[in-house]
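Please read the following report alongside the sequence and the coordinates. It moves from the overall fold to two sheets and a pair of helices.

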Amino acid sequence: PKLKHVFVFDHQGSGAKPFAALLEEGWNGHEADPSRFDARADARRPDDLATLIYTSGTTGEPKGAMLTQSNFVSNLLAGCQILPFDGSAVTLSFLPLSHVLERLVEYCYYHRNATIAFAESIDKLRDNLGEVNPHIFVSVPRVYEKVHARVMEKVESGSPAKRTLFRNALAVGKEVLALRAEKKTPGGTLALQHFLYERLVFRKIREALGSRFRFAVSGGAPLSKDLAEFFWAIGVEIYEGYGLTETSPVISVNGPAAWRLGTVGRVMPGIEVRIAADGEILTRGPHVMKGYHGKPEATAEAIDPDGWFHTGDIGVVDEDGFLRITDRKKEIIVNSNGKNIAPAPIESALKADPFVGQPVVIGDRRKFLSCLIVPNFEKLRDWAQKNGLSGLPDEELVEDVRVRQLYKEIIDRWNAGKPHEQVINAFKVLPRELSIEGGELTPTLKVKRRIVDQKYKTVIDGLYQGD
């Protein structure tokens, strides 16, 4: 009822006004006066609402997190203490600006006077990296997974000698990395080998990121330890952090001064973390939101009377203060026998296979686990061409008996030696990728299980037909 105007970029009528009219409205009756902007900015108080950012709704209805000016300011100041960069840094931004991580990261860039280059799109990322030649960028694990898959595909298409060279180089890189993690320096033969592989192999791979690359940051979803080790071994330092929309967002992060792969770093300055009796991570401090907009019951459920925000994630803090996420409390599968099964480690293991793009493990309130598999279509189509199946549309390709056997072998490798409740008894290869546009993925490429369950209900029910 309070809506007065609607302005649109692409004017199509229907009562809306074109963007040009908005510019005219802005100029009418106002002289250029920069002091008016300063006055309005100075009038803001730390507890004032800065923004509403809606949670992605991976497991339920999205909720509007009310984040204040001081939420963001406290988080960016703490983050800038850990990640070293200054006004000389050129950064590349390609995550959605609606996402809290990219919002906070850009505030950090503003604070340090760094230069921000905005990518045209994720699809143009490879070209934009070469054009911008950034020092720093921040991404979600899915992008790193795709980069890794591309590197490995190029390696596998090379000669036997090149494949052997790469495997030997990677083994040496991981050996040196293990020593670095213990603050030790490689010596003798190992140092010489690493020196040679750096020039023959690693430097050539890193060229795709540009000549000025310093480090990258990963957030928004868990980064597998194997993937992190791969990048660090070839000289690409990725600092993984952890947080939520409701915590503005960073709770902990690795950095040059203190890092441990397989963890999300130490808790940031000014933030408290404790582990509840059931393993849930609780946090308290200036980074915690005011609450959920218009949802007092949901707010009271998330933030207890002592001010602790309940993250919904399960984790542990090791003896050196590094936080490790072990699972998502709300995404635990409870089968019909009452067994608790964590889907994330299973999906992470399946994604390690180059033919698997996105696996979604199913099984809540069911007798056994099943899995929907989105192939790495680039890899699968290449395989199809070499096996006499070129030209088939994806819908027919995924139904071919040889393709099904290919993915059955991947599932069988996971199942080998696993306890009964973790065995995948049925699977379906999907003919298309999950997408943001289709509603199955969040802006940071996390699977919305609730939507997938709804969209593929017939397929899932078919996997359990007759049990």
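## Overall fold and selected packing

The secondary structure of this predicted model comes to 16 helices and 21 strands, where helices (H or I, at least four residues) and strands (E, at least two) are DSSP runs numbered from the N terminus. The radius of gyration is 24 Å, close to the 23 Å that the globule rule gives for 467 residues, so the protein is as compact as a globular protein of that length; the radius is taken over C-alpha atoms, and the rule is 2.2 Å times the number of residues to the power 0.38. Along the principal axes, the C-alpha atoms fill a box of roughly 70 × 65 × 55 Å.

Residues are numbered from 1 along each chain as its sequence is written. Local features need pLDDT of at least 70 and side-chain atom pairs count only at pLDDT 80 or more, while totals for chains, interfaces and linings use all residues, and side-chain values use heavy atoms, with hydrogens and water left out.

Two open sheets are set out below, with pairing taken to require at least two DSSP bridges between two strands.

| Strand order | Pairing | Average turn between neighbouring strands, direction ignored |
|---|---|---|
| 19-20-21 | mixed | 25° |
| 12-13-15-16 | antiparallel | 50° |

In the three-stranded sheet, strand 19 (356-362) and strand 21 (424-429) stand at the edges with a single partner strand each, so one side of each is left without a neighbour in the sheet. Strand 20 (residues 369-375) pairs with strand 21 in the parallel sense over five bridges, and S370 stands opposite A426 in strand 21. Helix 14 (residues 401-415) packs on this sheet, touching strand 19, strand 20 and strand 21, and its direction makes about 145° with that of strand 21; contact means heavy atoms within 4.5 Å, and angles run from 0 to 180 degrees between N-to-C directions of axes fitted to C-alpha atoms, for helices over the stretch in contact.

In the four-stranded sheet, the edge strands are strand 12 (272-275) and strand 16 (323-328), each of which pairs on one side only. Strand 15 (residues 309-317) runs antiparallel to strand 16 and is joined to it by five bridges, with G315 opposite I325 in strand 16.

Finally, the axes of helix 6 (residues 141-156) and helix 9 (residues 225-233) come within 11 Å and cross at roughly 60°. At the interface, P141, Y144, E145, V147, H148, V151 and M152 in helix 6 meet L227, F230 and F231 in helix 9.
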